[in-house]
Amino acid sequence: MPERKESTKVSQVADSRSQGEDLRVIGVPRRRVDGRAKVTGQTRFADDIFLPRTAHCKLLRSPHPHARIRKIDTSRALAHPGVYLVLTGKDLPMQYGILPVSQDEQALCVNHVRHVGDPVAAVIAREELTAFEALDLIDVDYEILTTISDPEQALATPEPRIHEYGEEGNIHKFVALEFGNVEQGVAEADEIFEDTFFYQGSTHLPIEQHASVAIKDPDGKLTIWSSTQTPHYLHRALAKVLEMPPAHIRVIATPNGGGFGGKSDPFNHEIVVAKAALLLDRPVKICLTREEVFYCHRGRHPVLMKFRTGVKKDGTITGMHLRTLIDGGAYGSYGVASTYYAGALQTTTYHIPRYRYEGCRTFTNKPPCGPKRGHGTPQPRFGQEVQLDKIAEKLKMDPADLRLRILESPNAVTANFLRLGTVNLTECIRRVVRVSDWKNKFRKLPEGHGVGIACSAYLTGAGLPIYWNKMPHSGVQLKFDRGGGVSIFCGATEIGQGSDDVLASIVAEVLGIDPFDVRLFTGDTDLGPVDLGSYSSRVTLMAGNAALQAAERGKALLAEAVALKCEVPKERLRFADKRVFDSAAPDKGVSFPEAVCLAEARFGTIGTVGSYTPPESPARYKGGGVGPSPTYSYTAAVVEVQVHPVTGWVHVPKVCIAHDIGRALNPTLARGQVEGSVYMGLGEALMEEQEFRRLPQRLSHALVHKFPSLLEYKSPTSLDMPEVVTELVEDPDPRGPFGAKEVGQGPLLPIMPAVANAVYDAVGVRIDEVPITPEKVMKALADKKAGREPRFGPDHFPHINWPEALRVPPPWEGGDGNAVNDVHREKPRAVKEKVLAP
Amino acid sequence: MEAERTAQIRFTLNGEEVDVFFAPYKTLLEVLREDLGHTGTKHGCELGECGACAVLLDGKPVLSCLVLALECSGREVLTVEGLSADGRLHPLQDAFADLGAAQCGYCTPGILVTAKALLDANPHPTRDQIREALSGNLCRCTGYLQIFEAVEAAMIKIAEKKTEA
C-alpha cells in the first residue's frame, strides 16, 4: 500500500445533491475532456506543428540595455547560403501593445533598444541553425545610452527617456485616488501603523517555450498558430501592424504549455513570422530558446510599497493609505492596468471606510513586466496581510480572530465602488483554523517552528474589456448533431487550466449528455465567436455563462419537439443520461439523438448561441474600470514553517488552504488549481526572483538578467512541495454558471504573506520582502541577537511628486461613484477605445 | 561532403526498428521530433534542466536533449507514444488523466516515462521515492501532489493486474 501521509482531502460545504439538484456532471470529480490527449503526448502545442517547406526564424537581440541604433547592415546575413529573408524594424514600423494607451512596442526595434534581449532583426532561413549562424553576420552600430536600472534611478533620471510618452521623464504612469478623507480616518484611530515592504519580481516560467508558425493559406490569407492566451488580442495587433483586414487573419491559439499570464501580450516574434510567411509564401516557424523566454517576461512587477493604516483598539480599520513604486521594465505591456490593480483590491476583504491609493510605475531598461497570476495584486496583498499580523500582535489579538471581526460583507459596495458578490471568507478562515489546529499552534510551537495566516480576494473576470465596447466578453455557438454529438465553438483558450472542460461540462450537464459526447473547437478566431482570452480568471464565469445560455436555448428547442412527440408538458421534461424523458414517468421519453432529430425535423438545423456581458460597475471615476468583476473569490491559508537557526533555511511542511469557489465544476481540476497556486506562491515566497546584475566593467558593464535559465532561476521541485490540505468552500454564487467562481489565481495570494507571518511566529523576525531567502533570515536573526530591530526589509519610500488625487466620496458618504474634482463621467463604458484592464 | 553531413542509424523506437538519416550534430530529442515525427516528447530548455524531454534509453530515463542521436544506434528508445499497448492506455496514463496529474500536459510525457522507469525498477515505491525519482522533472502547473497520487494509483493498478495474471 502506498503511504498516504500526505493525503489531500476536498470537502464541501453543501453537497449539491442535498439541495434538491440532481447534477450528473457538475461537481463530480472527472477526467478532463482533453485528458487523453495530454497523457498520450497528442496535444498539439505550437512547436509540434511541422509543415512542408517550413522556413525557420531567429531574432537578433540587443546586447545593450539602452542604446540608439545608428545603422544596421544586413547584407552579409542575406548573402549567407540558406538565408531567405532578413527583416529589420523598418519592415514593421507600426507600433502596437496590449493596451490602447501604451502602443509602445515595435516588432523589431527601429532606432531605440530598451533592454538586453530587445529584438532588432530577424533572419529566416531553410534551417534553424543557418538562421542562427546568420545572426552573427548582421552588423549593428549602437550608440550607448545611460542605463536606467531601477525605479529610484528612473525618478532621479528624467533623461534620457526610455519612451517619449508617459507622465514625465521616465515615469510611465501615476495613479492617485482618494475615497473619503484618509487623514481624518487615521486621526480617529487608536493606533497608526506605518510599514514599508518590497516585493521582488518573478517570472511565469511556463515549461513550454513560446512558439509560433505562420502560413499564407491557400486563399492568400494569413493563418498563425501560436502559444498565446489571448488570440483575440493577437488578432487585433496583427491586423494593425500588418495593415491587413482582420477578416484575412486567422489566429489559432494552440493549447498552451503553461501560461500564468506570460502569453497574454501580442509578441514581436508572432508578428515577425506572420510578416515573413506573407513575404515568402511558405510556412515560417519560430520557437524561442529558454533564455529568450526570460526576455519576453511580462512577469510580476517588483513593487516597493508603504502602508499607513489606522485601527481602533478592537481592530476596526479607520483608514488606509497605500503608496507603491513599481518597476515596469522597458515597455508598457499591461502596466497601466497593473498600476491600478496594485491599489484596487485592498477593500474587498476587510471593511476600509476611507482609502487612498497612490501608485507610480517607472520605465527601466529591463524586460517588460506585466500580468502574472494575481496580476498586480499579490504585492500589496503581501504588505496588507503582513501588516495585519503586526496590528494583531500590537492589539494582543489572535490574527485569525482579528480578520474575522473586520471582514467585508457579501454584496457590499466598497469604498472604491467595487460591488462584491458572495463572500465566504468567514467560512474559509474557520476551516483553515480548524484543519491546521491553529489554536494549539499559533505562538505555542517550539522555537524555530511557526504558523502564519493570511487571506485574499480575487476577480472572477475583469468587468471591462481591454478595448471598451458594449459587446459581449464571451460568445459560444453550439451545433447539434443528429448522432447526438454537440460541437462547441468558442474563442476560449486552453492553457492547461481546463477551459475546454468547463465548456464541455456545462453543456453536457444542461443537455444530459456525457462530456465526452462533446467536441470542442476553441481558441480559433475563424471558427468561434470572440472570447477575450484566458486572463483575469474570466473563463469559468464568462465563457461558462455563454455556454450555459447556448445550451439552455438548445434544450428549449429539443424540449418543445419532444413534448409534442411524447405528449408531455415540456416543463416536465428532464434531460439526463443521454435521454429526454418525463420526470413524472421516466420510461416515457426518447434518446438524446432522437430528440435532436425531432427538433431538426420541426425547426430545421439546430444551432444555438449564447453570450455573456458583465454587469455595469457602480465605479464611474477615471480608473474605476480596473477592479470591477461580476464577483470575487476568497481564500484563507495557514502555512506552517520550520526555520533552521544556523542556515536560515525555511522549510514548509504543511499548508492548509480554504477557497471560496462558489461551486467546483470539476473538483479534480479545482483542487489542481488550488495546489498549483500554493506551489507557485511558495516559489515566490521563498526563492523565485527575476534579478539583474551588471557585467564586469572590462566587458560591456551592461545590465543583464542574472540567470536566464531554468537551472539557476530557482523554482520548487517535487522535493520542495509540502503537504497541502485543500478545502473547497462551496456556496453557489448566482452570478456564476451553476454558482461557480474563479479558482486559478486567488489561491496564490495568501501564500506569500502567510509564509512571512509564519517565519515571525517561528523565530521572531519580520521579513518584509519576498523572496524570504536564508540570507535575509540570517541577517534579521543577527539583528535580533544584537538587540537591533529584528527585521529585514526596505527602510524608506522615496519622495515622489504625486499629482492631485481624484477624490471620490465612498458610498456611505453619499458618493455616486464619480470623482468630485474631475470631469463628470456618467458612463465610462460609452467612452470608446480607451484604456481598460484585463 | 554531403555524406559527412548526414548520419544514419538503426535503433528500436517504441518496439519497432527504425532507420533514420539526420545531421550528425542532432540530439535524440531533435531526431525524434524533427526527423521521426514523434512530437510527443517535449522540450523546455534543451539544456538538461527541466526534464520535459525525458525518454527511456534501454529502460533508463535520460534527457533526450543531452543525448546525441548517434549514441543510440542499436539501442532501445521508449517515448510517450510507446506507453499504451493493444489500444489501451498504460495504467500510468489512465491515472494521470483521471486524477488531474496533467494540467497543461507539457511536462507530462517526460514525467510519465520517468515514472514508468521507477515502477519497472521498484514496483512499490514510497511517496518519498516517487518524489526523488521525479525531482528532475519540473512541473509548473500542478504542485506535484496529484502527480504523486496518480503514480500511486497506477502502482496499485499494475500490482492488481500482476496478481490476476
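Biologist: What makes strand S2 (residues 67-73) of chain A and S6(A) count as paired?

Modeller: Six bridges join S2(A) to S6(A). A pair needs at least two bridges, so these strands qualify. They run antiparallel. One bridge partner of A:Lys71 can be named: A:Asp141 in S6(A). Keep in mind that this is a predicted model.

Biologist: Which strands are called the edge strands of that sheet, and why?

Modeller: The open sheet has three strands in the order S4-S2-S6 of chain A, with antiparallel pairing. Its edges are strand S4 (112-113) and strand S6 (139-144) of chain A, as each pairs on one side only.

Biologist: Why is strand S15 (residues 355-362) of chain A called largely enclosed?

Modeller: Eight of its eight residues are buried, so the rest of the structure largely encloses S15(A). Buried here means 20 or more other C-beta atoms within 10 Å.

Biologist: How do you know what happens on each face of S15(A)?

Modeller: Take one side: A:Tyr355, A:Tyr357, A:Gly359 and A:Arg361 are buried. On the other side, A:Arg356, A:Glu358, A:Cys360 and A:Thr362 are buried too. Both faces are therefore covered, with each residue meeting the cut-off of 20 or more neighbours.

Biologist: Which strands pair with S15(A), and is the sense parallel or antiparallel?

Modeller: Strand S7 (residues 171-179) of chain A pairs with S15(A) in the antiparallel sense over eight bridges. There, A:Ile171 stands opposite A:Thr362. Strand S14 (residues 317-327) of chain A pairs with S15(A) in the parallel sense, also over eight bridges. A:Met320 has A:Tyr355 as its bridge partner. Both pairings pass the test because at least two bridges are required.

Biologist: What makes up the β-α-β unit that includes S15(A)?

Modeller: S14(A), helix H9 (residues 335-344) of chain A and S15(A) build it, and the unit is right-handed.

Biologist: Why does A:Tyr621 count as buried or exposed?

Modeller: A:Tyr621 has 22 C-beta neighbours inside 10 Å. The cut-off is 20 or more, so A:Tyr621 counts as buried. This residue sits in the loop between strand S23 (607-612) and strand S24 (632-643) of chain A.

Biologist: How many residues of domain 1 of chain A are in contact with domain 2 of chain A?

Modeller: The count is 16 residues of domain 1 against 14 residues of domain 2. Contact means C-beta atoms within 7 Å. Helix H6 (231-242) and strand S11 (249-253) of chain A each supply at least two residues of the domain 1 side. That side divides into six nonpolar, nine polar and one charged. The C-alpha centres of the two domains are 39 Å apart.

Biologist: What makes up the contact between the domains of chain B?

Modeller: Chain B is divided into domain 1 (3-82) and domain 2 (91-164). Their contact takes 16 residues from domain 1 and 13 from domain 2. On the domain 1 side, strand S3 (54-57) and strand S4 (60-63) of chain B each give at least two residues. S3(B) has the largest share there, three residues.

Biologist: How many residues does each chain give to the contact between chains A and B?

Modeller: Chain B gives 44 residues and chain A gives 44. Helices H2 (91-98), H3 (108-121), H4 (127-133) and H5 (145-164) of chain B each give two or more residues to the chain B side. That side holds 21 nonpolar, 15 polar and eight charged residues.

Biologist: What confidence does the predictor give the complex?

Modeller: The ipTM is 0.98 and the pTM is 0.96. Chain B averages a pLDDT of 96, and 98% of its residues score at least 70.

Methods:
Residues are numbered from 1 along each chain as its sequence is written. Chains are lettered from A and ligands numbered from 1 in the order in which they are written. This is a predicted model: local features need pLDDT of at least 70, side-chain atom pairs count only at pLDDT 80 or more; totals for chains, interfaces and linings use all residues. Two residues are in contact if their C-beta atoms, placed from the backbone, lie within 7 Å. Helices (H or I, at least four residues) and strands (E, at least two) are DSSP runs, numbered from the N terminus. Ala, Val, Leu, Ile, Met, Phe, Trp, Tyr, Cys and Pro count as nonpolar, Asp, Glu, Lys and Arg as charged, and the others, Gly among them, as polar. pLDDT is the predictor's confidence in each residue, from 0 to 100. Domain bounds come from an automatic or database domain assignment. A residue is buried if 20 or more other C-beta atoms lie within 10 Å of its own, exposed if 12 or fewer, and partly exposed in between; C-beta atoms are placed from the backbone. A crossover is right-handed if, with the strands pointing away from the viewer, the path from the first strand over the helix to the second runs clockwise.
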